[in-house]
Amino acid sequence: TALPTIGQRCLVETGHRGTVAFVGSVDGKPGVFVGVRLDDPFGVNDGTAGGKRYFDAQPKCGMFVRPEKVQVGDFPVVDNDIDDE
């Protein structure tokens with residue numbers, strides 16, 4: 001499967017939406033990772049891993065996931081002002 005590209009909108013398997021901000025290797029970890037800048041603070045970092053910055057994100061709005069855990073497509077930013085649950 002093709003890797004996502006930076007700037008694509010995506011949905012992470014946790015159900016959170018964001019934008020692909022990084023694709024590549026992370027120091028000390030095998031394989032390829034996708035860095036996602038989340039729309040909401042449900043991440044675990046701000047685009048840094050192991051003290052190295054891979055992309056810019058607000059605190060808790062960044063996460064690194066394996067490519068198979070990211071679905072790219074037309075995922076507009078969710079308007080949190082509307083609570084339809």
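The residues around the largest pocket of this predicted model are a mixed group: 5 are nonpolar, 1 is polar and 3 are charged. The lining is made up of Val26, Asp27, Lys29, Phe33, Ala49, Gly50, Lys52, Tyr54 and Phe64. As for how much room they enclose, the volume of the largest pocket comes to about 150 Å³. Rolling a probe the size of a water molecule over the atoms is what shows where empty space is left.

Two of the charged lining residues, Asp27 and Lys52, also turn up together in a salt bridge, with their closest N and O atoms 3.7 Å apart. This pair links distant parts of the chain, since Asp27 sits in the loop between β2 and β3 while Lys52 belongs to strand β5 (residues 52–53), 25 residues apart. Asp27 counts as exposed because its relative accessibility is 55%, where the cut-off for exposed is over 50%. Lys52, at 39% relative accessibility, counts as partly exposed.

Phe33 and Phe64, also in the pocket lining, lead on to the strands. Phe33 opens strand β3, which covers residues 33–38 and is mostly covered itself, with 5 of its 6 residues buried. On one side, β3 pairs with strand β2 (residues 17–24) in the antiparallel sense, over 6 bridges. Within that pairing, Val36 in β3 has Val20 standing opposite. Strand β3 is also joined to strand β6 (residues 62–65), again antiparallel, by 4 bridges. Here Val36 has Met63 as its bridge partner, and Gly35 is partnered by Phe64. Val36 therefore has a partner in β6 as well as one standing opposite in the pairing described above, a point that can be read straight off the bridges.

Strand β6 has its own pattern. Gly62 and Phe64 point one way, Met63 and Val65 point the other way, and all of them are buried. That fits the usual picture, in which the side chains of a regular strand alternate between the two faces of the sheet. Ahead of this strand, in the loop between β5 and β6, comes Lys60. Its backbone stands out a little: phi of Lys60 is near 65 degrees, a positive value in a residue other than glycine. Lys60 counts as exposed, with 56% relative accessibility.

How many salt bridges does a search of the whole structure find? The count is 5, and the Asp27–Lys52 pair described above is one of them. In another, the side chains of Asp39 and Arg9 meet at 2.7 Å, N to O. Asp39 lies in the loop between β3 and β4 (48–49) and Arg9 in strand β1 (residues 9–12), so this contact ties together parts that are 30 residues apart in sequence. The two partners differ in how covered they are: Asp39 is partly exposed at 26% relative accessibility, whereas Arg9 is buried at 19%, which falls under the 20% limit.

A further salt bridge brings the side chains of Glu13 and Lys69 together at 3.3 Å, N to O. Glu13 is in the loop between β1 and β2 and Lys69 in the loop between β6 and β7 (70–72), so that distant parts of the chain, 56 residues apart, are linked. Glu13 is exposed, with a relative accessible area of 57%, and Lys69 is partly exposed, with 32%. Elsewhere, Asp46, Arg53 and Asp56 are joined into one network by salt bridges that share partners.

The loop between β6 and β7 also holds Pro67. Along the sequence Pro67 and Leu3 are 64 residues apart, yet their C-alpha atoms are 6.6 Å apart in space. Setting aside residues up to four places away in sequence, Pro67 touches Leu3, Val32 and Val34.

Lastly, the segment after β7 contains Phe75. Is Phe75 buried or exposed? Phe75 is buried, its relative accessible area being 13%. Beyond its neighbours within four places in sequence, Phe75 is in contact with Arg9, Cys10, Leu11 and Arg17. Arg9 thus appears both in this set of contacts and in the salt bridge with Asp39. Phe75 and Arg37 are 38 residues apart along the chain, and 13 Å separates their C-alpha atoms.

Note on methods:
Residues numbered from 1 in each chain as written. Predicted model: local features only at pLDDT ≥ 70, side-chain atom pairs only at ≥ 80, totals over all residues. Heavy atoms only, no water. Buried < 20%, exposed > 50% of the residue type's maximum accessible area, 1.4 Å probe, protein only. Helix = DSSP H or I, 4+ residues; strand = E, 2+ residues; numbered from the N terminus. Pairing = 2+ DSSP bridges. Salt bridge = Lys/Arg side-chain N within 4 Å of Asp/Glu carboxyl O. Contact = heavy atoms within 4.5 Å. 1 Å grid on protein atoms, 1.4 Å probe; cavity = no way out; pocket = protein on both sides within 12 Å on 5 of 7 lines; lining within 4 Å. Points joined across faces, edges and corners; volume = space filled by probe spheres on them. Nonpolar A, V, L, I, M, F, W, Y, C, P; charged D, E, K, R; others polar.
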